[in-house]
Amino acid sequence: MEFLMRLSLVVAVLSAAHGQNMYGQKVGTFVQVGSTAVGGEVFTAGDRMLWIRKVFLDEPTCRRVVFLVGRRDLSGETPNDAGKMARDKRNRVITLDNSDNARYTAKVSFDLETVAWLSIWCATTSTSIGEMYFGDDIVTPTPLVLPTQLRGAHGVDSTGVVIVDHQTIRIENLAYDGAGPGTWFISDTQRPVAYRPATTVKLTNQANTFNYETLPAYDGSNDVTIHMPDDASVFDTVWLSMYCLQVKFNFADVILLTPK
């Protein structure tokens with residue numbers, strides 16, 4: 001059984017390497033326009049939603065920098081002030097500060113399939129200082145059922161694990177005996193599974209809070225939906241684990257299939 005579980009993980013990783021059955025798409029990277037140093041990577045993250053990471057900006061003069069999004073039939077094929085400003089999950093216009101590794105969840109006003117361009121835009125001078133263009137193959141991501149279940153020690157079992165959107169994961173019919181003295185849902189960019197203070201991300205529990213000491217028992221009759229913090233995404237992590245920090249033990253884990 002252990003051999004079969006490991007084999008399924010290998011198959012999952014190989015599938016991811018060939019771009020098959022993954023959640024979302026990597027759209028591309030920003031191209032600098034003019035003398036301002038800019039950059040960043042963009043992923044389709046959900047319904048009318050983008051994940052923008054590794055954003056760097058060194059703009060000494062512009063007082064207000066935003067993400068501006070253009071729709072093909074409304075805003076033309078190149079950045080201009082007919083575009084719409086992207087907003088965060090609380091529906092506030094995203095404003096960019098100078099940084100070297102910022103991350104944003106950006107909500108756009110229209111379907112991703114209709115987006116022509118995304119600009120890092122100086123709103124005070126109406127000029128594009130960084131931009132990227134969307135191809136014709138962009139598709140809004142839909143929930144992805146992972147090929148392996150969360151299953152392991154202390155009675156951990158499930159009937160499925162689903163990436164709902166880039167910061168939400170649903171574990172279906174989760175069972176766990178609750179015996180771990182300091183068990184969290186965690187994810188990270190590295191294998192093997194372990195808690196690394198500098199890179200490990202703590203996810204919420206079933207009550208949608210990050211402020212918990214340990215996970216309770218689950219009887220296998222209900223789904224558990226968990227969330228990543230605002231500055232994290234499935235695109236930036238490799239695995240999800242139920243991990244006991246006190247005994248430093250991985251009860252169970254699954255590979256998250258996303259483009260990196």
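**Cysteines and a pocket**

Trainee: Before we start, what kind of model is this?
Mentor: A predicted one.

Trainee: OK, cysteines. How many disulfides does the structure hold?
Mentor: One. Cys 62 is joined to Cys 122, with an S to S distance of 2.0 Å.

Trainee: Where in the chain do the two partners of that pair sit?
Mentor: Cys 62 is in the loop between strand S4 (49-58) and strand S5 (65-71), while Cys 122 belongs to strand S9 (residues 115-122). They're 60 residues apart, so the pair links distant parts of the chain.

Trainee: And why is the disulfide right-handed?
Mentor: Because the torsion about the S-S bond of Cys 62 and Cys 122 is about 100°.

Trainee: Is Cys 62 buried or exposed?
Mentor: Buried, at 13% relative accessible area, where the cut-off is under 20%. Cys 122 is buried as well, with 3% relative accessibility.

Trainee: What about Cys 244, buried or exposed?
Mentor: Cys 244 has 0% relative accessibility, so that one counts as buried.

Trainee: Switching to pockets. What's the volume of the second largest one?
Mentor: About 240 Å³. It's lined by 15 residues, and those closest to the centre are Arg 103, Thr 189, Thr 199, Asp 231 and Asp 236.

Trainee: Which elements give two or more residues to that lining?
Mentor: S4, strand S8 (99-107) and strand S15 (183-188). S4 is also the strand just before the loop with Cys 62.

Trainee: And how does the lining of that pocket split by class?
Mentor: Six charged, five polar and four nonpolar residues.

Note on methods
Residues numbered from 1 in each chain as written. Predicted model: local features only at pLDDT ≥ 70, side-chain atom pairs only at ≥ 80, totals over all residues. Heavy atoms only, no water. Disulfide = S-S within 2.5 Å. Helix = DSSP H or I, 4+ residues; strand = E, 2+ residues; numbered from the N terminus. Buried < 20%, exposed > 50% of the residue type's maximum accessible area, 1.4 Å probe, protein only. 1 Å grid on protein atoms, 1.4 Å probe; cavity = no way out; pocket = protein on both sides within 12 Å on 5 of 7 lines; lining within 4 Å. Points joined across faces, edges and corners; volume = space filled by probe spheres on them. Nonpolar A, V, L, I, M, F, W, Y, C, P; charged D, E, K, R; others polar.
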